[in-house]
Amino acid sequence: MNRRTFLASVVALLLGGWRWRSSPLSLDIYIVPGGGYPYELPPLPYPYEALEPYIDAQTMRVHHQGHHATYVSNLNKALAELPAFQSLALEELLTQLDKLPSSHRTTVRNHGGGHWNHTFFWPLLTPKPQSPSSALQKQISAAFGSWDAFRGQLLDAAARHFGSGWAWLVKTPSGQLQITTTPNQDNPLMPYAEVRGKPILGIDVWEHAYYLKYQNKRTEYLSAIWNIINWEKVEALLG
Ligand code: MN
């Protein structure tokens, strides 16, 4: 490598780093279909009682019509005061939160994150328990050693996460699969995430997701929800 190509490589590296830090993620990040500002509460892809006995109808109703609807409404209120950001896709807003005026950044982080996370989450659950395909099991096992190791790591991270938040399976920009958790309504798209990348699977570990049925027994909720994960959807997201 001569001096000139060496310098070109250094510049390319620096530019790459700069692009990464300043976002957006160079991924197919448009995971959640439909809608822009003003955002609307998407209907659940199944009836409220469809996930019984694993998740009860009352929890689903309060979670969707109460919590998720509030995230949508507060996100719209914040964006009403930010006309320059209204035309961005929600993923673009979330990957570039650091560009928002500080007066509205936390609201968009919490409520935009809440809207994205729940819109992503509902279709990842299914009323018809299904087994992961052998192709998916193979792909996951290659990353985590075995399917059981993957289940153990993900549910353990979800169980141990302190307070409200989410546990995630993430595909990083280099194509690695990683497990991580985020606090509150943060997600791996955000510049604040420890592991950034494309979310493949997210598990809501806020108490509002399980408290009516499981009270403080988060691990029982996690064992239950494992039965109704839509592995077809996970496989499609993995690509
Ligand atoms: Mn929730």
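Here are legends for four close-up views of this predicted model.

Residues are numbered from 1 along each chain as its sequence is written. In this predicted model, local features need pLDDT of at least 70 and side-chain atom pairs count only at pLDDT 80 or more, while totals for chains, interfaces and linings use all residues, and side-chain values use heavy atoms, with hydrogens and water left out.

**View 1. The whole protein, element by element.** You can pick out nine helices and three strands; these are DSSP runs numbered from the N terminus, with helices being H or I of at least four residues and strands E of at least two. Starting at the N terminus, the order reads α-α-α-α-α-α-β-β-β-α-α-α. Of the 239 residues, 47% count as buried, where buried means under 20% relative accessible area, exposed over 50% and partly exposed in between (1.4 Å probe, protein chains only). Take the contacts (heavy atoms within 4.5 Å) between residues at least 6 apart in sequence: 70% of them join residues at least 24 apart.

**View 2. The manganese ion and its protein donors.** Which residues hold the donors of the manganese ion? They are His63 (NE2), His118 (NE2), Asp204 (OD) and His208 (NE2), lying 2.0 to 2.1 Å from the ion. Donors here are N, O and S atoms within 2.8 Å of the metal (3.2 Å for Na, K and Ca); water is not among the atoms, so sites may look incomplete. Along the sequence, the donor residues follow the spacing H-x54-H-x85-D-x3-H. One pair links distant parts of the chain: His118 sits in helix H4, and His208, 90 residues apart from it, in the loop between E3 and helix H7 (211-214). Both His118 and His208 are buried.

**View 3. The two faces of helix H9.** In H9 (residues 231-238), Trp231, Val234, Leu237 and Leu238 are buried. Looking down the axis of H9, these buried residues fall within an arc of 120 degrees, so they line one face of the helix; the arc is that of the directions from the helix axis to the C-beta atoms. On the face turned away from the buried side you'll find the exposed residues Glu232 and Ala236. Among the elements that the buried residues pack against are helix H4 (102-121), helix H6 (147-160) and strand E1 (165-171). Right after H9 comes Gly239, with a positive phi near 70 degrees.

**View 4. Where H5 meets H9.** Ala135, Leu136 and Gln139 in H5 meet Trp231, Val234, Glu235 and Leu238 in H9.
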